[in-house]
Amino acid sequence: MKLRILSAGPGVTLQDEGRRGFLRYGVTPAGPMDADAFLAATGAAGTEAAIEVSLGGVELAAEEGEIGLAICGGNFDVRLDGRPLPAACALTLAPGARLSLRAGPSGAWAYVAPFGRFDLPKVLGSLATHTRSGLGGLEGRGLAAGDALNILDARAGPKAPMALNAPWLGAVSHSFRILLGPQQNHFASETIATFLTSSWRLSARSDRMAYRLDGPPLAHRFGHDIVSDGLAMGAIQIPGDGAPLVLMADRQPTGGYPKIAHVIGADLPALAQKRPGEDIRFTQASLEEAVAARRARARALAESVRLEAITPELTSELLLERNLVGGVVGDFTLLE
Amino acid sequence: MAGYDAPRFLDAGEAALSIEFGDSVDAEINARVLALDSALQRAQPEGLIETLPTYRALLVCYEPLLLSRERLVALVEAQLAEAPLDRPAAAPARWRLPCCYEGECGEDLNEAAAGLGLTPARFVELHAGAEYRAYMYGFAPGWCYLGGLPQALALPRRATPRGLTPPGAVLIGGGLALVASNPMPTGWYVVGRTPERLFSPSREPPLFIAPGDVLRFEPVNLESFHALDARAAKGERVAIREDGA
């Protein structure tokens with residue numbers, strides 16, 4: 001069968017867990033922005049890759065047969081033939097039906113995972129799309145209206161749509177834990193204090209490569225050049241203009257701006273779900289706390305995702321929530 | 001000996017460790033990075049995810065729930081004690097890369113030359129007259145970082161990154177040089193273009209210049225650039241290997 005893209009905003013791409021082993025050749029890992037939601041969706045669908053949906057939204061249809069889909073991510077407006085569904089759900093898409101995901105009250109990314117496999121070639125061992133280098137996914141680019149994705153071993157999902165539930169999903173956070181360094185000595189202690197006590201606004205100039213933060217500019221002690229070295233996801237670089245850049249899934253493998261800190265791994269999925277215009281703060285953690293949080297996250301992820309019947313209360317609650325926030329959705333444009 | 005007396009172990013989050021051997025671009029420091037990288041590649045301890053050698057540091061990505069930081073550091077120290085990390089690598093290959101500095105190829109050349117107080121002609125003379133060592137790949141596919149930029153061409157990176165580079169960009173910034181295959185935004189200056197495809201995922205191997213190799217840039221005019229570019233587009237290697245291998 002085929003999944004047909006009826007419409008797609010900018011930044012909708014195919015992702016798997018990411019490209020491993022090629023950092024040394026300058027190849028970006030890519031992979032999901034929110035690894036927790038990605039794993040929930042692909043776990044529920046029993047597959048390895050998913051469509052990552054940006055705030056631009058997507059509309060899908062099934063052709064030549066029905067297919068199960070698991071959806072999980074930020075609090076998106078999910079509808080099957082116009083009927084609202086929980087933002088995390090599993091369903092069967094039959095030919096003639098139309099599934100839509102649009103930006104909802106919160107969250108920046110959602111995942112649509114098929115009960116089946118994408119029939120696409122792996123590039124350097126992965127399906128993950130990195131649009132800047134044109135690698136992976138469908139021809140190395142974002143998905144667009146008219147694209148048809150061939151699905152192998154397609155299976156149906158639940159007959160009636162069901163809510164997808166995991167205790168660790170959907171937590172909205174405003175504060176994110178960091179480990180200082182490695183270049184914290186490039187900043188005066190007052191500058192580090194400013195970094196830790198300020199409220200930072202996520203800039204509209206943010207994308208899968210980096211989240212740019214607006215706030216008080218952070219001054220360097222020895223200029224903004226260091227000898228380029230490797231970059232991990234969550235690294236917070238301070239370029240010459242003093243505006244922090246949090247490096248995300250499409251980060252460059254190396255860079256030459258000093259890194260004041262790193263966001264701990266357990267807090268990266270929730271950070272990825274922040275939207276331009278939203279405010280965040282950082283708090284300092286120890287290495288022990290970061291590893292403990294990582295262990296707790298790994299335990300939570302090991303618990304299986306539950307499928308639950310959609311109750312009328314749940315649906316009306318969702319509708320009420322949308323009515324309350326309807327006025328603030330949709331004025332954001334994603335910059336690539 | 002160049003670099004630090006003992007390597008520094010610096011956390012890059014809880015799942016990556018940067019092992020620094022110095023804070024400068026230096027062939028000896030880089031050789032130690034490459035040697036530790038090979039040693040860890042051979043050892044392959046459980047929980048080691050990936051290593052990324054750069055100029056003066058090795059980034060070790062690991063899973064701390066499988067390999068504790070303490071055990072990783074002990075393992076690295078054992079490797080450093082066992083293996084002499086400054087042994088010379090195999091004789092490096094020597095490459096001559098065509099480079100066009102003219103017109104739209106050297107889109108930031110005038111700006112960079114002015115920033116250095118040089119005429120564009122003098123800039124090209126100095127840039128093409130130098131011999132470069134390939135230190136590492138990074139930033140983007142086939143972005144090959146080079147040492148050996150003449151001191152007179154040391155210009156800081158831009159305060160704010162510029163837009164997309166052209167394919168095959170030859171760049172300077174932060175006192176360093178690089179030659180880059182894929183277009184990316186950058187804080188460096190585009191001073192020329194090579195028609196060579198440094199990275200091609202469908203070619204085996206996708207990259208042919210290895211860290212440790214020696215490079216020179218050979219100035220070509222726009223007409224030659226376009227002719228060589230057409231040949232490179234068909235899969236031909238237009239870089240010339242000078243050591244006869």
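# Reading a two-chain model

Modeller: Start with the barrel in chain A. Its 7 strands close in the order 12-19-16-17-14-13-20, with mixed pairing. From one strand to the next, the twist averages 40°. Keep in mind that this is a predicted model.

Colleague: What holds strands of a sheet together, and in which senses can they pair?

Modeller: Strands of a sheet pair through backbone hydrogen bonds, either parallel or antiparallel. Now take a case from the barrel. Strand 16 (residues 235-237) and strand 19 (residues 259-263) of chain A run antiparallel, joined by 3 bridges.

Colleague: Which residue of strand 19 of chain A does I236(A) stand opposite?

Modeller: Look for A261(A). Find that pair in the view, then follow the strands outward.

Colleague: Which helix packs on this sheet?

Modeller: Helix 2 of chain A, residues 189-197. This helix touches strand 12 (175-180), strand 19 and strand 20 (279-284) of chain A. The direction of helix 2 makes about 125° with that of strand 20.

Colleague: Let me step back to the whole chain. How many helices and strands does chain A have?

Modeller: The count for chain A is 5 helices and 21 strands.

Colleague: How is chain A divided into domains?

Modeller: A domain need not be one unbroken stretch of sequence, as the ranges here show: domain 1 of chain A covers 2-166 + 306-328, and domain 2 covers 175-299. The centres of domain 1 and domain 2 of chain A are 28 Å apart, taken over C-alpha atoms. Their contact takes 18 residues from domain 1 and 12 residues from domain 2.

Colleague: Which elements give two or more residues to the side of domain 1 of chain A that touches domain 2?

Modeller: Helix 1 (35-45) and strand 8 (99-114) of chain A. By class, that side of domain 1 has 9 nonpolar, 6 polar and 3 charged residues.

Colleague: Why does the radius of gyration of chain A agree with a compact globule?

Modeller: Compare the value with what the chain length suggests. For 336 residues, a compact globule would have a radius of gyration near 20 Å; chain A has 20 Å, so the two agree. Along its principal axes, the C-alpha trace of chain A spans about 60 × 45 × 35 Å. Of the 336 residues, 54% count as buried. Contacts tell us about the fold too. Among those in chain A with a separation of 6 or more, 79% join residues 24 or more positions apart.

Colleague: Now chain B. Which domains does the assignment give?

Modeller: Domain 1 of chain B is 8-82 and domain 2 is 94-241. Over C-alpha atoms, 29 Å separate the centres of domain 1 and domain 2 of chain B. Domain 1 of chain B gives 7 residues to their contact, and domain 2 gives 9 residues. On the domain 1 side, helix 1 (residues 27-43) of chain B gives the most, with 3 residues. That side has 5 nonpolar, 2 polar and no charged residues.

Colleague: What do strand 3 and strand 4 of chain B form?

Modeller: A hairpin, with 3 residues between the strands. Strand 3 and strand 4 of chain B pair in the antiparallel sense over 5 bridges. P53(B) stands opposite L58(B) in strand 4.

Colleague: How many residues does each chain give to the contact between chain B and chain A?

Modeller: Chain B gives 42 residues, and chain A gives 42 residues. The elements giving two or more residues on the chain B side include both hairpin strands, strand 3 (48-53) and strand 4 (57-62). Strand 1 (8-11), strand 2 (16-20) and strand 7 (143-147) of chain B are also among them. By class, the chain B side has 25 nonpolar, 10 polar and 7 charged residues.

Methods
Residues are numbered from 1 along each chain as its sequence is written. Chains are lettered from A and ligands numbered from 1 in the order in which they are written. This is a predicted model: local features need pLDDT of at least 70, side-chain atom pairs count only at pLDDT 80 or more; totals for chains, interfaces and linings use all residues. Domain bounds come from an automatic or database domain assignment. Two residues are in contact if their C-beta atoms, placed from the backbone, lie within 7 Å. Helices (H or I, at least four residues) and strands (E, at least two) are DSSP runs, numbered from the N terminus. Ala, Val, Leu, Ile, Met, Phe, Trp, Tyr, Cys and Pro count as nonpolar, Asp, Glu, Lys and Arg as charged, and the others, Gly among them, as polar. Two strands pair if DSSP finds at least two bridges between them. Axes are lines fitted to C-alpha atoms, for helices over the stretch in contact, and angles run from 0 to 180 degrees between N-to-C directions. The radius of gyration is taken over C-alpha atoms; the globule rule is 2.2 Å times the number of residues to the power 0.38. A residue is buried if 20 or more other C-beta atoms lie within 10 Å of its own, exposed if 12 or fewer, and partly exposed in between; C-beta atoms are placed from the backbone.
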